[in-house]
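Please open the model in a viewer and keep the sequence panel visible. The tour below proceeds by selection, one stop at a time.

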Amino acid sequence: MKQKQPNILIIMTDQQRYDSLGCYGSKAAHTPNLDKLAKEGVLFENNYVPNPICTPSRSSLWTGKHLPGHGVYRLYDNLPDNEILFSKRLQEKGYQTALFGKLHVNSRIYEANKRHPNDGFNIYEWCMEASLDLDSPFNGYAHWLRENYSEFYKELKEKGRKLKHIPQEVHLTHWAATRTIDYIRQWNGKKPFFCMMSVFDPHNPYDDYPIKMEKLIDKEKIQDPLFKKGEIKNKPDGIKREHEHSYLGSFKSFTIKKLRKMRLGYHASLAFLDQEVGKVLQVLEEKGIADNTLVIFTSDHGDMLGDHQLLVKGAFFYDPAVKVPLIIRWPDKINKGKRIEELVQIHDLTSTILSLAGYTQRELKKWMPESKNLLPLIHGKEQKIHDYVICCYRGSGINDKSEYFNPPVYATMIRNERFKLNTYHDIYNFIGQQGELYDMKNDLNEFNNLWNDNAYLEIKNIMMGKLLYWEISQELNLGSRGGNSFPKASQRLNNKLK
């Protein structure tokens, strides 16, 4: 009897911008396996994250909720214990579940010491980053190194992030792929499986890739950072603070030579990842289960890499920071080589996956009203699933002192089919609303800010109204928190004035 529910494999990177793959137009990328995956499946052109920082964004993916729904707003926030990860809901539908790598729905300190009570994993081999929390009882990578590469383990523990160009055979990305391959090979077919292969690359530091990977990258094809001299001068205060105090340091301290080296490392890390992904996909073929395995490739947020004179991620919403790859392959079930331009968000994956597991639309709408099933869009039964997408920044990231910005930066992005509006909420100095408005059809690089252009005032007001509607709907969806005790008819008071 043919298995009804598909196996599900998610390969998730960390801090990968959308334009870093060959299939997304990068001339410098060496990503043949991921490009092939896109040709065999569906590629989403406009997949936006709900927040440009790891913890809030991943919490949305795992719960299917936007930030107000799960309450994780900042890097070191923890997902409330009563929230349920979709892996647990899959478990309840008969799936075997496994994690190899990064979860990050809680702060690093939390996850190094305990598991979320509703994580729903049968196999839980966690690792936030290669050199961190090596003594954690949950660190699968550290355990694997101690068992197989004890000398390297000692060196990694001693040098930490200072250890450069980690050899292929002991690299975290290789470990995650190896454990995923082992898991697939050992699968007995009695129950469908869900597996998350979650790696740290291409996240900074940008020089931990195996040195051999440099040979795969044509340095001449790496695009230099895109920015206009002096453009920061007219940016909202939140962006200026990120320019001066990003957690990597001030942008001014990075020469063009350093930025080029950063970008080389970024592409080299992805070349290595692509090599490992190829091995995982090959095992699905060898096992004979590729046709009934839904493969998803995505990331949690992007990386500016110097564009707009900004580094890594933070209180800004340029596409390199908030738009990420999304590729879905399911042979014979979805069309090959399709590219979808309509707006989607990564937490739409939650509803998509759970619908395939057998949950009803009614259940999903109750649990995660923000998450939309991607399958009708993929099959052409719906033209779009979102009129607009939202990305929130709520004091989310840290500065060059490894602290939250004080006062915090609050900002929100709303994007429709054509325009992107970013508004900065200054609730301390009352200096008035600051923001950006970009025509994403005619200004893909987001250089021409239309915020103060009277010709676009109506568009600006309409989008601000949509944003206000979204904020109110989020509040109403959450409802009252403590229950209620509405008086019976006999208990009600007559408050009329005679």
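Begin by selecting Ile8, which is buried, with a relative accessible area of 0%. This is a predicted model. Ile8 belongs to strand S1, which spans residues 7-14. Display the surroundings of Ile8: leaving out residues up to four places away in sequence, Ile8 touches Leu90, Tyr95, Phe193, Phe194, Cys195, Leu294 and Ile353. For a sense of scale, add Leu226 to the selection and draw a distance between the C-alpha atoms; Ile8 and Leu226 lie 37 Å apart in space and 218 residues apart in sequence.

**Second stop: Ser20**

Next, move along the chain to Ser20, in the loop between strand S1 (7-14) and helix H1 (32-40). Is Ser20 buried or exposed? Its relative accessible area is 2%, so Ser20 counts as buried, the limit being under 20%. Show the side chain of Ser20 and the backbone of Arg17: the side chain reaches the backbone oxygen of Arg17 at 2.7 Å. Beyond four places in sequence, the residues that Ser20 touches are Ser26, Ala29, Tyr266, His267 and Leu270.

**Third stop: Thr63**

Select helix H2 (residues 54-63), in which Thr63 is found. Thr63 has a relative accessible area of 2% and is buried. Two polar contacts may be displayed here. The side chain of Thr63 reaches the backbone oxygen of Ser59 at 2.7 Å, and a polar atom of that side chain lies 3.2 Å from the backbone nitrogen of Lys65. Which residues are in contact with Thr63, leaving aside its neighbours within four places in sequence? They are His70, Leu79, Glu83, Ile84, Thr350 and Met368.

**Fourth stop: salt bridges**

Side chains of opposite charge can pair when their charged atoms come close. The structure holds 31 salt bridges, and the selections that follow present several of them.

Select Arg263 and Asp307, which form a salt bridge whose closest N and O atoms are 2.9 Å apart. This pair links distant parts of the chain, 44 residues apart: Arg263 is in helix H10 (residues 256-287), while Asp307 is in the loop between strand S6 (293-299) and helix H11 (319-322). Arg263 counts as buried because its relative accessibility is 7%, and Asp307 counts as buried because its value is 5%.

Then select Arg418 and Asp439, another salt bridge, in which the closest N and O atoms are 2.9 Å apart. Arg418 lies in the loop between strand S10 (410-415) and strand S11 (419-424), and Asp439 lies in strand S12 (residues 434-439), so the pair ties together parts that are 21 residues apart in sequence. Are the two partners buried or partly exposed? Arg418, at 33% relative accessibility, counts as partly exposed, whereas Asp439, at 5%, counts as buried.

To see a network, select Asp14, Arg58, Lys102 and Asp300, which are joined by salt bridges that share partners.

**Fifth stop: the largest pocket**

Select Lys323 and Asp319, whose side chains meet in a salt bridge at 3.5 Å, N to O. Both Lys323 and Asp319 are buried. These residues lead to the largest pocket: Tyr18, Asn46, Asp319, Lys323 and Leu444 lie nearest its centre, among 39 lining residues. Strand S2 (42-48), H10, H11 and strand S8 (338-345) are the elements that give two or more residues to this lining. About 1000 Å³ of space lies in the largest pocket. Colour the lining by class to display 11 nonpolar, 10 polar and 18 charged residues.

**Final stop: the cavity**

How many cavities of 30 Å³ or more does the structure hold? The structure holds one, and about 130 Å³ of space lies in the largest cavity. To locate this cavity, select Glu129, Ala130, Ile166, Pro205 and Asp208, the closest to its centre of the 15 residues that line it. Helix H8 (172-186) and strand S5 (193-202) are the elements that give two or more residues to the lining. Coloured by class, the lining of the largest cavity shows seven nonpolar, four polar and four charged residues.

Technical notes
Residues are numbered from 1 along each chain as its sequence is written. This is a predicted model: local features need pLDDT of at least 70, side-chain atom pairs count only at pLDDT 80 or more; totals for chains, interfaces and linings use all residues. Side-chain values use heavy atoms; hydrogens and water are left out. Helices (H or I, at least four residues) and strands (E, at least two) are DSSP runs, numbered from the N terminus. Buried means under 20% relative accessible area, exposed over 50%, partly exposed in between (1.4 Å probe, protein chains only). A polar contact is a pair of N or O atoms within 3.5 Å; within protein, one must be able to donate a hydrogen and the other to accept it, and residues adjacent in sequence count only if both atoms are side-chain atoms. Contact means heavy atoms within 4.5 Å. On a 1 Å grid over the protein atoms alone, a cavity is a set of points where a 1.4 Å probe fits but cannot get out, and a pocket is an open set with protein on both sides within 12 Å along at least five of seven lines; lining residues have an atom within 4 Å of a point. Grid points are joined across faces, edges and corners, and a volume is the space filled by probe spheres set on the points. Ala, Val, Leu, Ile, Met, Phe, Trp, Tyr, Cys and Pro count as nonpolar, Asp, Glu, Lys and Arg as charged, and the others, Gly among them, as polar. A salt bridge is a side-chain nitrogen of Lys or Arg within 4 Å of a carboxyl oxygen of Asp or Glu.
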